[in-house]
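Subject: Handover of a structure and findings

Dear colleague,

Please find below the structure that I am handing over to you, together with its sequence. I would be grateful if you could read the notes that follow alongside it.

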Amino acid sequence: MSATAVHSLWTMAGGVTSAAPVEKFKAPVIEYTQLAPVLIVIGVAVVGVLVEAFVPRRARYYTQVFLTVVALAAAFAAVVGLAAGGYGTTKAHIAAMGAIAIDGPTLFLQGTILLTSMVAVFTFAERRLDPASHGKHVDSFAAQAASVPGSDSEKAAVKAGFTTTEVFPLVLFSVAGMLVFPAANDLLTLFVALEVFSLPLYLLCAAARRKRLMSQEAAVKYFLLGAFSSAFLLFGIALLYGYAGSVSYAAIANVVDGSVTQIDPALADTMGNDALLLIGGAMVLTGLLFKVGAVPFHMWTPDVYQGAPTPVTGFMAAATKVAAFGALLRLLYVVLPGLAWDWRPVMWAVAIITMLGGAIVAITQTDIKRLLAYSSIAHAGFILAGVIATTPDGISSVLFYLGAYSFVTVGAFAVVTLVRDAGGEATHLSKWAGLGRRSPLVAAVFAVFLLAFAGIPLTSGFSGKFAVFKAAADGGAGGLVVVGVISSAIAAFFYIRVIVLMFFSEPKADGPTVAVPSPLTMTTIAVGVAVTLVLGLAPQYFLDLASQAGVFVR
């Protein structure tokens, strides 16, 4: 093409743009007060990174623990303030230019994540369980995470008494992503939140002080499989954008319902193409079901739970599930309610194989952390029964179950950190034989958590299971309830087996000891027991709270 032709094209294009009215750039409107919980956590996480750079090493641990607890408490206070201001009910709306939904489920889940994380952080800060090394107290994390396991640099770091205090800002970044994840109101915000909370978890999983190679293997597995699930999610987002011409939840829901009025000419060929909707929706669901740990996307769960440092396992098992189920609920109830006839049968199948798979495989486990991992997979199936109900009771029952389950989980993993032998935590089930005679209080507390997992009456597990099964039955999923009850019976077998092992077996002479923790871990376990019993004995107030919070803003 000649230079003159190019020039004439350019002048013609220029003429068109100059003739069109120039729109003024509108400044984005951000409601900072309503985003306060997220902003507080992210702000303090950034300060935590600066602490690593500028505060002397001996003062870092105390500074980071103080900052982390204050950040989570302040963010929780902000959530309570928003709820008291009516943002969960009458003032529920879409904030941050359509990116974030501030409504009942958002505030309920954010509050649950913040409280669970605060209780979990106490186990991160625990420094009395391992014997002191070279006169210095040590925690569950590697002296220097960057050094090769067994190398001279690692030995020098241990001798110098180093600790990986970077875990605290990493936890805060992860919590910030989890706060946004269930509140996301468009698919890109959902994806960014997923990455923000996943990447710190991959690092935290690799930072164990003992069994470092196993810990690093767990982190690599989690990272690779997490990258696959993120790719599925992103591909699904692209297909849904092609289908609806928008990544906004409301816009996609309008195209699914057929109530869209304006069609973008650039997308006229693909818009409303059902193949894009079905494949894109399935891929986004795959990404979310991976995070939830539902079968058949559960393969990372037992390996990662076993290999990661136990405080990280407890945090991840509780908080990630809450965030992921929140996002899953919003996607199914806000974006794809018009597609319920298509997704309900698929979710039925996933829920059934998740409940049965988790419960049956857990029976064969010989490691307490792997057993709890398969237990968490079975629980994901029970919660999915509530998701499938597609009624307001379904939403509130899932919210209640997530709140109850998260505290039991953090408490159970905190107890696991106490049972130790010369190699660190004694997680093999044979080591737990006779624990009830050696340390009756610790065994009794663990038994309370196991009974809650089994769903025995007078524990939070029973109230939660009853709520989701009732919602599922009312929503026309009676068959799921039958499978759920059978799975619960199978699961009860291996929980009771551990209790029998602890109280009715002879303790071995060379068995593990129960370490005496600091008030930090004691607080974590005490809160877990208190929540388990309160939600079991008097659940009504919290069920009412969940039902008030169970309305999504559209």
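The notes below deal with open and enclosed space, then the sheet, the helix crossings and two backbone features.

Please bear in mind throughout that this is a predicted model.

Pocket and cavities

The largest pocket holds about 670 Å³ of space. Its lining is made up of 25 residues, and those nearest the centre of the pocket are Leu107, Phe108, Thr112, Phe542 and Leu545. Five helices each contribute at least two residues to this lining: H3 (57–84), H4 (104–124), H15 (392–416), H20 (519–537) and H21 (540–548). Helix H4 gives the largest share, with six residues. As to chemical class, the lining of the largest pocket comprises 17 nonpolar and eight polar residues, and no charged residues.

Enclosed space is also present, in the form of six cavities of 30 Å³ or more. The largest cavity contains about 70 Å³ of space. Around the largest cavity, helices H15, H17 (440–454) and H18 (460–474) each provide at least two lining residues. Helix H15 is likewise one of the helices that supply at least two residues to the lining of the largest pocket. The residues that line the largest cavity include His379, Tyr401, Tyr405, Phe453, Ser460 and Lys465. Six residues of this lining are nonpolar, four are polar and one is charged.

The three-stranded sheet

Three strands make up an open sheet, arranged in the order S4-S3-S5 with antiparallel pairing. Strands S4 (424–425) and S5 (513–514) are at the edges with a single partner strand each, so each has one side without a neighbour in the sheet. Strand S3 (residues 419–421) pairs with S4 in the antiparallel sense, over two bridges. In this arrangement Arg420 is found opposite Glu425 of S4. In general terms, the strands of a sheet pair through backbone hydrogen bonds, in a parallel or an antiparallel manner.

Helix crossings

The description of two packed helices rests on the angle between their axes and the distance between those axes. Three pairs are reported here.

For helices H14 (residues 368–388) and H19 (residues 478–504), the axes come within 11 Å and cross at roughly 160 degrees. An angle over 145 degrees counts as roughly antiparallel, and H14 and H19 are therefore roughly antiparallel to each other. Their crossing is left-handed.

Helix H14 also crosses helix H11 (residues 300–307), where the axes come within 8 Å at an angle of roughly 140 degrees. H11 and H14 are therefore oblique to each other, and H11 passes H14 in a right-handed crossing.

The third pair consists of H10 and H12 (residues 310–335), whose axes come within 8 Å and cross at roughly 155 degrees. H10 and H12 are therefore roughly antiparallel to each other, with a left-handed crossing.

Two backbone features

Which residues are joined by a cis peptide bond? The bond in question links Val295 and Pro296, with omega at about 5 degrees. Pro296 is located in the loop between helix H10 (274–292) and H11.

The other feature concerns Ala96, whose phi is near 55 degrees, a positive value in a residue other than glycine. Ala96 belongs to the loop between strands S1 (93–95) and S2 (100–102). As background to both features, most residues other than glycine have a negative phi, and most peptide bonds are trans.

With kind regards

Note on methods
Residues are numbered from 1 along each chain as its sequence is written. This is a predicted model: local features need pLDDT of at least 70, side-chain atom pairs count only at pLDDT 80 or more; totals for chains, interfaces and linings use all residues. Side-chain values use heavy atoms; hydrogens and water are left out. On a 1 Å grid over the protein atoms alone, a cavity is a set of points where a 1.4 Å probe fits but cannot get out, and a pocket is an open set with protein on both sides within 12 Å along at least five of seven lines; lining residues have an atom within 4 Å of a point. Grid points are joined across faces, edges and corners, and a volume is the space filled by probe spheres set on the points. Helices (H or I, at least four residues) and strands (E, at least two) are DSSP runs, numbered from the N terminus. Ala, Val, Leu, Ile, Met, Phe, Trp, Tyr, Cys and Pro count as nonpolar, Asp, Glu, Lys and Arg as charged, and the others, Gly among them, as polar. Two strands pair if DSSP finds at least two bridges between them. Axes are lines fitted to C-alpha atoms, for helices over the stretch in contact, and angles run from 0 to 180 degrees between N-to-C directions. Angles under 35 degrees count as roughly parallel, over 145 as roughly antiparallel, 65 to 115 as roughly perpendicular and the rest as oblique. A crossing is left-handed if the near helix is turned anticlockwise from the far one by less than a right angle, and right-handed if clockwise.
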